[in-house]
Amino acid sequence: MGAKRRFKVWRGDETGGDLKDYEVEVNEGEVVLDVIHRLQATQTPDLACRWNCKAGKCGSCSMEINGTPRLGCMTRMSTFTEDETVTVTPLRTFPVIRDLVTDVSFNYEKARQTPAFAPPVGVPPGQYRMQQVDVERSQEFRKCIECFLCQNTCHVVRDHEENKRAFAGPRYFIRAAELDMHPLDAKEDRKEYAQASMGMGYCNITKCCTEVCPEHIKITDNAIIPMKERVVDRRYDPLVWLGRKIFRRDQLDGAGQAAGTPSLVGARTEGSEVEQHHGLNWHREIPPPQAAPVDETGRLPISEITADRAGGPSPFGDDQTFPLPPEGLNYAHPERD
Amino acid sequence: MTTRIERHHYDVVVIGAGGAGLRAAIESRLAGKKTAIISKSLFGKAHTVMAEGGAAAAMGNVNSRDNWMVHYRDTMRGGKFLNNFRMAELHAKEAPDRIWELETYGALFDRTKDGKISQRNFGGHEYPRLAHVGDRTGLELIRTLQQKIVSLQQEDKAETGSYDSRIRVFAETTITELLLDGDRVAGAFGYYRETGEFVLFEAPAIVLATGGVGRSYKVTSNSWEYTGDGHALALRAGATLINMEFLQFHPTGMVWPPSVKGILVTESVRGDGGVLKNSEGKRFMFNYVPDVFRKQYAETEEEGDRWYTDPDNNRRPPELLPRDEVARAINNEVKEGRGSPAGGVFLDVSSRLPAEVIIKKLPSMHHQFKELAGVDITKEPMEVGPTCHYVMGGVEVDPDTAAAAGTVQGLFAAGEVSGGMHGSNRLGGNSLSDLLVFGKRAGEHAATYTDALPTRPRVAQSDLDTAVETALAPLQRDGGENPYTLQQDLQAVMGDLVGIIRRKGELEESLVRLAELRERVGKVSAAGGRRYNPGWHLALDLRNMLVVSECTAKAALEREESRGGHTREDFPSMRPEWRQVNLVCSLDGDKVQLEHKPLPKMRPELIQLFDRTELSKYLTDEELAEFDALAEEAAK
Ligand SMILES: Cc1cc2nc3c(=O)[nH]c(=O)nc-3n(C[C@H](O)[C@H](O)[C@H](O)COP(=O)(O)OP(=O)(O)OC[C@H]3O[C@@H](n4cnc5c(N)ncnc54)[C@H](O)[C@@H]3O)c2cc1C
Ligand code: SF4
Ligand code: SF4
Ligand code: FES
């Protein structure tokens, strides 16, 4: 019943690949994801593509359609002319796994480095009181479906692998903003943290992220700019800044800690900016000393059922993976000197 | 066998990263257990993300007369008294705490004027009871739990230096088999979707939270993940399933364009004034009010229309009948040739409300139809039809501990994959709260179970070899059928023969057709390699869909009455003697066995929450006599 349309779909994996041509039937009312599914069902069952809800709610089906980052399930075929060839490629900013599926673990790593909600001390569950107007600002950012289109689009990391380490990306700027605007969040330095450790300084407010957001979240206007503005205020006002610092200190040592609030310590090494360099690195980060993971009796756990990892703790600290990243090492290669 | 298998050791492995799975994992980690979370899709994408309406909990924020007893009554009524009473009781009692707890994890629900969590009305709930965030409550729930897990990982990192030391998420990993040591759970075997490499999780306790089975139907609001994996894994491990004949068909799914067939149109469209019309432009629901509801529903359009503004002096329009009634009515209109061009009926708000009001009250529906169907619902009617939405049936569990019944030990189940809580029909909003209440219980009791174990169960090499072989079979086979064709055929059998309205002859035929499909699925082959190969993944899922479909078809044939999500044309009414029976499925070799099992009996103080006239619609004469005796005693 439908007409044949021409498609180019990127096929391949991390070793390389190219655009393959397909002719495929398209029916009235279909979206790009339907066409991908038809290709799977009729021509190439192993074409890899993520999806879940088909209604723009889960953020799985992100891809680049004619070069624009979009959700496959929300891109209607009627937006193209009949004789137009539709080109579908994987997200460019993330490493390809296969075909349209990319390795988006970058985003989950950044999510883990963003300090979590700090519940207000002394407010028991059921006693949280907030006004609708006060939660609405944060609610806008909580609409995020984690499609990572904004992350994919941001020029700071698109084609700039080297910035990925220091830059959390727009998705996590809105997370920081959301918590900053949360009426009951107990952590006071979200803005400073975003500036110092999430790489917000790299953002030059191009608004490309806002343009591609399928949830129409005003990422730049409502999150990044307010976060930057006030950081600037605080930075340029040494008194306010100093006051905050002192306040932070005793919060860290006292109340915040007692309530089990995650402190910055865990995330300290992550976001900080380390330059690419060769040879001697005086600024390398010294790994923090670690306590052995003992149980309540103060002993190392022996049974595997109760141990929190297989085998004993590493003498070098459990967060070291080998080989160590070269930029953290003091080694000068003779030929490069 | 030379296949490389990655091995992991955990105390508790949670299969499923929806609301139930994440809540279970949090509890197990808080109990100090080393916990793994496994999910077929990426972290945070599970089906729970799609829930719209809200989570039911009798917090009494909007109407202070609400309490757990009222919620309990509503739940039992909704399930037509087939619910496991203890589960319904625990659910009603614990739901508020579970919701409040989410706020301490950072959730931001919509608020009332005095700053509490706002609650909305929903079908079957006596008072406004659904905690919600616009129409994206599921997203809020899953994101909150996801972020709580991240926060626990941050604590662990601060303490041990590694995020993953106590709780780790294995995304895009599918479990294909549970491995036992005797009757005890010893591990779970599966593959990474990304690489196709195999992985073995050795663990003494496993929590199933894999969701539902809707993908066996062509028209469904469910995603590709819903292939009944958990149901099938449990069966194969020696657990039992109950209530598999009960499937909820939501009356209003989109039917056009074909690509979005099944996607949900929220109940609030009707709640806010939308009406259902057939191709002749007639509001047909007035012809479908069953006798038991006759008194509560309007008889004329005028009266129905007045209800929206004056609910105290008018009866509600029949468009707001329970989901099963509306679904059946639409089905019948279409069958008798009064359907819309795309095979549904018309749902119209455009002629009832001004455009601004529609956009304000139903923003996401307006957006959804505009983006997906190119229909402006402020100007034209929508086309809608029934869509397979939720499976009430699932793993038979102990209500307090969520431990699976049957021969297996160390297996727990929570969420949509478990059965009993919702009886024959689930009320909207009761699922999200169910996930939290029983997810927590499952995680807690899985942790306790591992403490009591004298030795750690071991995985047998031979079982592992078999699991590998089964998983690789579709790739190694040549010339078998395409998995997509088989899936379509299975969907056709289930949709046509085990659909909303069921008949003896058709159900019998479905069993014959399913047996044929079983042969064909045994020979399915998948082209391509092991890396992210959806054809291969589907080929492996088919086996689960098939066995679960068989359970549904068998139980549907056995139950000779109509109740909630099970309608038999040849037995159109509810029969009290069937209310005392649960149909229990188990697996003998690869054959599905069906048994009758008596329903647990409600405790006296609970049954006395109902009045006699209501009970008389559901109970047998002996049960009523017993109730009267109780009432007499209480009166003394
Ligand atoms: C459109 C829609 C709207 C809804 N609206 C509401 C509502 O308003 N209120 C309400 O209460 N309920 C609602 N529901 C129902 C509710 O959303 C679901 O019942 C509930 O989310 C199920 O949660 P779960 O935790 O059991 O499973 P899910 O959230 O479905 O998660 C299942 C998990 O198991 C994983 N999994 C499955 N199989 C395997 C395997 N073999 N190996 C590894 N992992 C596996 C999946 O990857 C997934 O992570 C709605 C449902 C739909 C479809
Ligand atoms: S506004 Fe900032 S975060 Fe957004 S795309 Fe531009 S540089 Fe990136
Ligand atoms: S902010 Fe928008 S674009 Fe970015 S991940 Fe969230 S929904 Fe996607
Ligand atoms: S499939 Fe869920 S957003 Fe496209």
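Q: In this predicted model, is B:E94 buried or exposed?
A: Let's start with the number: B:E94 has a relative accessible area of 16%. The cut-off for this class is under 20%, so B:E94 counts as buried.

Q: Which residue does B:E94 meet in a salt bridge?
A: The two side chains come to 2.5 Å, N to O. B:E94 sits in helix α3 (residues 85-104) of chain B, and its partner sits in helix α11 (residues 430-452), 347 residues apart, so the pair links distant parts of the chain. That partner is buried too, with 14% relative accessibility. The residue that B:E94 meets is B:R441.

Q: Which residues are linked with B:E94 and B:R441 in a network of salt bridges?
A: Side chains of opposite charge can pair when their charged atoms come close. Here the pair of B:E94 and B:R441 belongs to a network. The other members are B:R86, B:E89, B:K93, B:D400, B:R603 and B:E605.

Q: How many residues apart in sequence are the parts tied together by B:R29 and B:E155?
A: The side chains of this pair meet in a salt bridge at 3.8 Å, N to O. B:R29 lies in helix α1 (residues 19-30) of chain B and B:E155 in helix α4 (residues 137-160) of chain B, so the salt bridge ties together parts of chain B that are well separated in sequence, by 126 residues.

Q: Which of B:R29 and B:E155 is buried and which is partly exposed?
A: For B:R29 the relative accessibility is 9%, which means buried. For B:E155 the figure is 29%, so the class here is partly exposed. To put the names in order, the buried one is B:R29, and the partly exposed one is B:E155.

Q: In chain A, which residue forms a salt bridge with A:D185?
A: The closest N and O atoms of this pair are 2.8 Å apart. A:D185 is buried at 10% relative accessible area, and its partner is buried at 4%. The partner of A:D185 is A:R190.

Q: How many salt bridges are counted between chain B and chain A?
A: One salt bridge joins the side chains of A:R142 and B:E140, at 2.6 Å from N to O. Over all chains, the count comes to 83. Between chain B and chain A, the count is six.

Q: What area is buried between chain B and chain A?
A: The size of an interface is often given as the accessible area lost when the parts come together. In this model, 78 residues of chain B are in contact with 75 residues of chain A. Carbon and sulfur atoms give 51% of the buried area, and the total is about 6,500 Å².

Q: What share of the residues of chain A count as buried?
A: Chain A has eleven helices and seven strands. Its exposed area is about 16,700 Å², with carbon and sulfur atoms supplying 54% of that. Of the 337 residues of chain A, the share that count as buried is 50%.

Q: Which helices of chain A each supply at least two residues of the shell around ligand 2?
A: The residues surrounding ligand 2 include A:C208, A:C209, A:T220 and A:I224. By class, that shell has seven nonpolar, four polar and one charged residues. The helices asked for are α7 (208-212) and α8 (219-236).

Q: How many nonpolar residues are in the shell around ligand 3?
A: Among the residues surrounding ligand 3 are A:C144, A:C147, A:C150 and A:C213, along with A:E146. The shell has no polar residues and one charged residue. Its nonpolar residues number nine.

Q: What is the phi of A:E146?
A: Most residues other than glycine have a negative phi. A:E146 has a positive one, and this residue is found in the loop between α3 (132-142) and α4 (149-153) of chain A. At 4% relative accessibility, A:E146 is buried. The phi of A:E146 is near 50°.

Q: How far apart in space are B:T252 and B:F346, C-alpha to C-alpha?
A: B:T252 is in strand β13 (residues 247-254) of chain B, and at 1% relative accessible area B:T252 is buried. Its contacts beyond four places in sequence include B:L264, B:L347 and B:V384. B:F346 is 94 residues away from B:T252 in sequence, but the distance in space is 9.8 Å.

Methods. Residues numbered from 1 in each chain as written. Chains lettered and ligands numbered in written order. Predicted model: local features only at pLDDT ≥ 70, side-chain atom pairs only at ≥ 80, totals over all residues. Heavy atoms only, no water. Near = heavy atom within 4 Å. Nonpolar A, V, L, I, M, F, W, Y, C, P; charged D, E, K, R; others polar. Helix = DSSP H or I, 4+ residues; strand = E, 2+ residues; numbered from the N terminus. Buried < 20%, exposed > 50% of the residue type's maximum accessible area, 1.4 Å probe, protein only. Areas by Shrake-Rupley, 256 points an atom, 1.4 Å probe, with all protein chains shown as cover. Contact = heavy atoms within 4.5 Å. Buried area = accessible area lost by both parts, 1.4 Å probe. Salt bridge = Lys/Arg side-chain N within 4 Å of Asp/Glu carboxyl O.
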